[in-house]
Amino acid sequence: MVEAAVTRDIPRPAPRGPAPRLDAIDRRILRALQRDASLTIAEIADEAGLSPTPCWKRIQRLEAAGIIRKRVALLDHEMLGYGVTVFVSMQIGEHSEAEIRRFAEALRQMPEVLAFYRMAGDVDYLAVIVVRDMAEYDEVYRRIIAAGNLKNVVSRFALERLKSETAIPVIQP
């Protein structure tokens with residue numbers, strides 16, 4: 001089972017400065033929301049040891065600070081027909097600011113690209129892509145090549161998912 005996320009962006013300004021300090025109650029709230037974002041405020045409050053109103057205020061503060069970025073429903077890729085997961089590393093041929101912005105924006109717009117990173121080291125970018133089959137990947141690959149001045153593209157196909165988590169460990173500092 002490979003999972004995808006349906007997301008709802010939390011409207012908020014970009015966070016500024018260091019993240020707020022989290023106490024034990026904040027961490028319990030975050031763990032609960034990561035486990036199941038559909039919990040009611042009352043259920044989260046119960047897990048956190050609060051009443052609903054202070055719990056809701058803490059959640060709003062965590063959203064405003066940018067700690068909570070989105071609330072998601074995880075979907076099964078394979079059940080939706082996306083049986084192929086590809087890790088694509090890319091090196092670009094031109095490193096001008098305009099080319100980097102144009103290429104990054106093109107890949108961000110591709111719905112098959114689930115994750116996209118600018119890297120340090122021997123590759124410039126890494127993308128995680130899901131497709132139904134090799135023919136669909138060939139079409140995505142052609143769009144990637146058309147999107148930028150690439151000098152090297154390496155595709156690695158997942159044979160088996162051994163671990164795939166979305167929850168970040170919320171531990172004491």
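Below, a biologist and a modeller talk through some labels used for this predicted model.

Biologist: How many helices and strands are there, and in what order do the elements run?
Modeller: The protein chain has five helices and six strands. From the N terminus, the order is β-α-α-α-β-β-α-β-β-α-β.

Biologist: Why is E99 called buried?
Modeller: Its relative accessibility is 8%. Buried means under 20%, so E99 counts as buried. Of the 173 residues in the protein chain, 32% are buried.

Biologist: Where is E99 found?
Modeller: E99 sits in helix α4, residues 97-108.

Biologist: What is E99 in contact with, leaving aside neighbours within four places in sequence?
Modeller: E94, A147, G148 and N149.

Biologist: What makes the pair of E99 and N149 a polar contact?
Modeller: A polar atom of the E99 side chain lies 3.0 Å from the backbone nitrogen of N149. The cut-off for such a pair of N or O atoms is within 3.5 Å.

Biologist: Why is α2 called roughly perpendicular to α3?
Modeller: Helix α2 (residues 41-48) packs on helix α3 (residues 52-64) at an angle of about 95°. Angles of 65 to 115 degrees count as roughly perpendicular, so α2 earns that label against α3. Their axes are 9 Å apart.

Biologist: Which residues make the contact?
Modeller: From α2, they are I41, A42, I44 and A45. From α3, they are P52, C55, W56 and I59.

Biologist: How do those residues divide into nonpolar, polar and charged?
Modeller: Eight are nonpolar, with no polar and no charged residues in the contact of α2 with α3. Ala, Ile, Pro, Cys and Trp are among the types that count as nonpolar.

Technical notes:
Residues are numbered from 1 along each chain as its sequence is written. This is a predicted model: local features need pLDDT of at least 70, side-chain atom pairs count only at pLDDT 80 or more; totals for chains, interfaces and linings use all residues. Side-chain values use heavy atoms; hydrogens and water are left out. Helices (H or I, at least four residues) and strands (E, at least two) are DSSP runs, numbered from the N terminus. Buried means under 20% relative accessible area, exposed over 50%, partly exposed in between (1.4 Å probe, protein chains only). A polar contact is a pair of N or O atoms within 3.5 Å; within protein, one must be able to donate a hydrogen and the other to accept it, and residues adjacent in sequence count only if both atoms are side-chain atoms. Contact means heavy atoms within 4.5 Å. Axes are lines fitted to C-alpha atoms, for helices over the stretch in contact, and angles run from 0 to 180 degrees between N-to-C directions. Angles under 35 degrees count as roughly parallel, over 145 as roughly antiparallel, 65 to 115 as roughly perpendicular and the rest as oblique.
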